[in-house]
Amino acid sequence: MKRPAAAPACPCGSGRAYADCCGPLHVGAAAADAAALMRSRYCAYALGLVDYLLATWHPTTRPLDLDLADGLKWLGLSVLRHEQTGPDSAVVEFVARYKSGGRAGRISEVSRFVREGGRWYYVDGDVG
Ligand SMILES: [Zn+2]
């Protein structure tokens with residue numbers, strides 16, 4: 001390896017360093033758009049950042065608590081579609097791949113997001 005000090009790649013698979021991608025969002029920066037929030041939430045699942053997941057969940061649909069599955073390893077995210085559906089609403093379609101107990105799986109969902117007070121929130125989604 002020629003670059004031993006290279007910054008770790010972001011788990012969301014953007015190809016950017018974590019510090020230049022989802023990292024700032026996880027410590028309070030506002031997501032530029034719903035797709036960026038979606039990536040940062042996937043990344044939070046991968047890193048086990050429950051507080052971030054709850055904080056970016058819209059209050060009307062947010063669960064009281066969130067249990068992240070043990071032994072589930074997230075392998076990658078593909079954002080298939082990002083569509084602004086109004087001035088403060090958007091949908092993001094994605095596929096997330098994971099491995100659990102030696103078996104590979106995938107989740108595909110069309111997620112709804114709204115923007116309030118300049119920040120995007122996850123509302124809910126239709127699992128495909
Ligand atoms: Zn990222």
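**Exercise 1. Strand pairing from β1 to β3**

Identify which residue of β2 is the bridge partner of G76, and then which residue of β3 is the bridge partner of R97.

*Solution.*

Step 1. The bridge partner of G76 in β2 is R97. The structure is a predicted model, in which local features need pLDDT of at least 70, side-chain atom pairs count only at pLDDT 80 or more, and totals for chains, interfaces and linings use all residues. Residues are numbered from 1 along each chain as its sequence is written, and side-chain values use heavy atoms, with hydrogens and water left out.

Step 2. R97 in turn is bridged to R106, which belongs to β3. R97 therefore has G76 as one partner and R106 as another, given that strands are DSSP runs of E with at least two residues, and helices runs of H or I with at least four, numbered from the N terminus.

Step 3. The pairing of β1 with β2 is antiparallel and comprises twelve bridges; DSSP must find at least two bridges for two strands to pair. A further bridge in this pair places V91 of β2 as the partner of E83.

Step 4. β2 and β3 also run antiparallel, and twelve bridges join them.

**Exercise 2. The hairpins and the last pairing**

State how many residues lie between β2 and β3 in their hairpin, and which residue of the β3 and β4 hairpin takes a positive phi.

*Solution.*

Step 1. The hairpin of β1 and β2 makes its connection through two residues.

Step 2. Two residues also lie between β2 and β3, and G101 in that turn has a positive phi of about 55°.

Step 3. In the hairpin of β3 and β4, two residues separate the strands, and the positive phi, near 60°, is that of G117.

Step 4. Strand β4 covers residues 119-127 and is joined to β3 by eight bridges in an antiparallel arrangement. Within this pair, V110 has D126 of β4 opposite it.

**Exercise 3. Geometry of the zinc site**

Determine which atoms coordinate the zinc ion, and why the arrangement of its donors is classed as it is.

*Solution.*

Step 1. The zinc ion is coordinated by the SG atoms of C10, C12, C21 and C22, at 2.2 to 2.3 Å. A donor is an N, O or S atom within 2.8 Å of the metal (3.2 Å for Na, K and Ca); water is not among the atoms, so sites may look incomplete.

Step 2. Along the chain, the zinc donors are spaced as C-x1-C-x8-C-C.

Step 3. The angles subtended by the four donor atoms run from 103 to 113°, and the arrangement is therefore tetrahedral. This class requires that all angles of four donors lie between 85 and 135 degrees. For reference, the ideal angle for four tetrahedral donors is 109.5 degrees.

Step 4. Among the donor residues, C21 and C22 are both buried. C10, located in the segment before α1, is buried as well, at a relative accessible area of 5%. Buried stands for under 20% relative accessible area, exposed for over 50%, and partly exposed for values in between (1.4 Å probe, protein chains only).

Step 5. The C-alpha atom of C10 is 23 Å from that of D67, with 57 residues of sequence separation.

**Exercise 4. Location and accessibility of three residues**

For P8, A69 and R112, decide whether each is buried, partly exposed or exposed.

*Solution.*

Step 1. P8 is situated in the segment before α1 (23-26). Its relative accessible area is 58%, so P8 is exposed. P8 and A19 are eleven residues apart along the chain, and their C-alpha atoms are separated by 8.1 Å.

Step 2. A69 occupies the loop between α3 (50-55) and β1. With a relative accessible area of 52%, A69 is likewise exposed. From A69 to S100 the C-alpha distance is 9.2 Å, across 31 residues of sequence.

Step 3. R112 is part of strand β3. Its relative accessibility of 32% makes R112 partly exposed. R112 and R16 are 96 residues apart along the chain, with 25 Å between their C-alpha atoms.

Methods
Tetrahedral: all angles 85-135°; square planar, octahedral: opposite > 155°, others 65-115°.
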